[in-house]
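Colleague: Could you walk me through how to read a few features of a model? I'd like the general idea and then the case at hand.

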Amino acid sequence: MDILRREFIYIWYYFSVQFEQIFGYWVLGMLIGSAVSVFAKDTIHSAFRSLQGKRLGVFGIVAASALGIASPLCMYGTIPIAASFSRSGMKDDWLAAFMMSSILLNPQLIIYSAALGGTVLAVRIVSCFLCGIAAGLVLLLFYRDRSFFDFSGFDEPGSRDTDPNLLVRYLKNLWRNVKATGIWFFFGILLSALFQRYVPADAMTALFGGNEALGVLMAATIGVPLYACGGGTIPLLQQWLLDGMSVGSAASFMVTGPATKITNLGALKIVLGVRRFLLYLVFVMFFSLVTGLTVNLLL
């Protein structure tokens, strides 16, 4: 019993320290994320729709990627919106940029990621923005005259933020946010505490540290099964970075994680089909590896 009590004290200590470090970012992220979802979502999507018909060339892809990051929707919310854009004539390369960056990042996750420090936050924003642009450029080059998405059967969803009282509307959205992210946030801190207690820092440095391609590859690979919720991975990343994970490895994890999240893959498989779905996976892994190696070279 003394051993169990001692281990509990150690784990509770690690848990409480990290909880104090990142709890404020989680709360702020939910507050801002819900505000964007309730009060700015329609404006963001209208801005994207307004691009249609304009001869912007590559700049349209750039704008679409930026608006994808600004959109607060998850992938299951983004796909029906993208379907409505597609039916109104939006180009597939612009849709690809919007959807790709929307998968990887949103305003709420940006706030969460601030807990990782300014450098990692900047790397995450830039890499996700560039990933959206790269996805759009790939379609522009190789699918210019062919359809890439199949949105048949998807209708634009009705908004759940419809209460006439703005404060009530916001509080309902905030409560849904708490229920969706809370369990993963606490689970991520618990996992981080267990890592701190039982995994030596030297092991993390050997696995993810330095500028070695193997560390980046390992981070990209582990992001596939481990990523469940953006907020839940922040405690893990924070501890791994303290233990010696390179910023490039973290960048690679932050690309493959959300891009290969099980729920996102299920939605994408429906609109892409088998062959294009496999191309998507190859693109994500390739981009994450290049990103990780480039970041390590620059930093």
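Modeller: Let's start with burial: glutamate 7 has a relative accessible area of 14%, so glutamate 7 counts as buried (under 20%; exposed is over 50%, partly exposed in between, with a 1.4 Å probe and protein chains only). This is a predicted model, where local features need pLDDT of at least 70 and side-chain atom pairs count only at pLDDT 80 or more, while totals for chains, interfaces and linings use all residues. Residues are numbered from 1 along each chain as its sequence is written, and side-chain values use heavy atoms, without hydrogens and water.

Colleague: Which residue forms a salt bridge with glutamate 7?

Modeller: Side chains of opposite charge can pair when their charged atoms come close. Here the partner is arginine 6, with 3.8 Å between the closest N and O atoms. The rule asks for a side-chain nitrogen of Lys or Arg within 4 Å of a carboxyl oxygen of Asp or Glu, and the count by it is one salt bridge. Arginine 6 is partly exposed, at 44% relative accessible area.

Colleague: And how is leucine 194 classed, buried or exposed?

Modeller: In between: its relative accessibility is 30%, so leucine 194 counts as partly exposed.

Colleague: How do the residues lining the second largest pocket divide into nonpolar, polar and charged?

Modeller: They are 18 nonpolar, no polar and no charged (Ala, Val, Leu, Ile, Met, Phe, Trp, Tyr, Cys and Pro count as nonpolar, Asp, Glu, Lys and Arg as charged, and the others, Gly among them, as polar). Val138, Phe148, Leu279, Tyr280 and Phe283 lie nearest the pocket's centre. A pocket is an open set of points on a 1 Å grid over the protein atoms alone, where a 1.4 Å probe fits, with protein on both sides within 12 Å along at least five of seven lines; lining residues have an atom within 4 Å of a point.
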